[in-house]
Amino acid sequence: MNNIILNTALLLIALTVPACATKINDEVATAKYLEESRNTALEFRKKLGDVQKAQLESVGAENAIPVCKVIAPAMAAEYSKNGQMLKRVSLKARNKTQGTPDTWEKEVLESFDKAQLAGKPVDVMEASTVSKDADGRWFRYMKAIPTQPQCLQCHGKPNEISAAMKALLAREYPEDMATDYSVGEVRGAISIRRKVD
Ligand code: HEC
């Protein structure tokens, strides 16, 4: 009788321990990486915004395309080291190859859009999770990118984008979906992932 109780107890412990261990690890990973990822995303968003502003003021929108096309991905690459990867994604991507979200990113972007409709400030929106794929476990983080006035000449309504810019975008991005935005809307998000050891 006692043996049965003991065996049952041992079985229960054996069943619950791995589940607890995974959960604790997820929590530990989140505690370890959340703050760091948030800071990285904020720094990236600010740095890119500053470069963009300076470029728009000095050379004008048509010549500022390289900021979003060349400098942003280069900056993203700069932040993609020491096991960390950073990119920008959007539900309406301009660069289909680099900007299309995966399943989790899409869900988060949709939740950001919903929160925006409910009146939540885009600036503070973020999400994180720990997930698993064939390559192992990942800590993932996303921070929303709000549309600002200086974005409109390239991402705004048709009447806010010059004919020259439209022609340029049509040539460079024939599948462009990233227009029709208004100030304050979620333009996309910074998405960071890092391996959980
Ligand atoms: C001078 C034109 C221009 C301005 C101004 C501009 N963008 Fe872009 N944006 C682009 C181009 C071009 C791309 C595609 C970049 C690429 O090829 O990766 C892009 C891509 C993006 C992406 C990546 C996702 C996607 O759609 O492919 C985000 C996010 C983004 N822009 C946000 C912004 C925000 C926010 C602002 C204002 C703070 C802004 N952009 C201002 C031209 C611009």
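I will talk through the surroundings of the ligand, one strand hairpin and two loop residues in this structure, which is a predicted model.

Let me begin with the ligand, which has 27 residues around it, and of these Cys-68, Gly-99, Cys-151, Cys-154 and Gly-188 come nearest. If we ask which elements supply this shell, at least two residues each come from helix H1, spanning 2-59, from H2, from helix H3 at 96-99, from helix H5 at 152-155 and from E4, while the largest share, six residues, is that of H2. Sorted by character, the shell has 11 nonpolar residues, 12 polar ones and four charged ones.

Next, please look at strands E2, residues 126-133, and E3, residues 136-146, which run antiparallel and are joined by eight bridges. Together E2 and E3 form a hairpin, with two residues between them, and within this pairing Lys-132 stands opposite Arg-137 in E3.

Finally, I come to two residues with an uncommon backbone angle. Most residues other than glycine have a negative phi, yet Asn-82 has a positive phi near 55°, and Asp-180 has a positive phi near 80°. Where do we find Asn-82? Asn-82 sits in the loop that lies between helix H2, residues 61-78, and strand E1, residues 84-89, and it counts as exposed because it has 6 C-beta neighbours inside 10 Å, where 12 or fewer is the cut-off for that label. Asp-180, for its part, belongs to the loop between helix H6, residues 163-172, and strand E4, residues 186-195, and with 13 other C-beta atoms within 10 Å it is partly exposed.

Conventions
Residues numbered from 1 in each chain as written. Predicted model: local features only at pLDDT ≥ 70, side-chain atom pairs only at ≥ 80, totals over all residues. Helix = DSSP H or I, 4+ residues; strand = E, 2+ residues; numbered from the N terminus. Buried ≥ 20, exposed ≤ 12 C-beta atoms within 10 Å, placed from the backbone. Pairing = 2+ DSSP bridges. Near = placed C-beta within 6 Å. Nonpolar A, V, L, I, M, F, W, Y, C, P; charged D, E, K, R; others polar.
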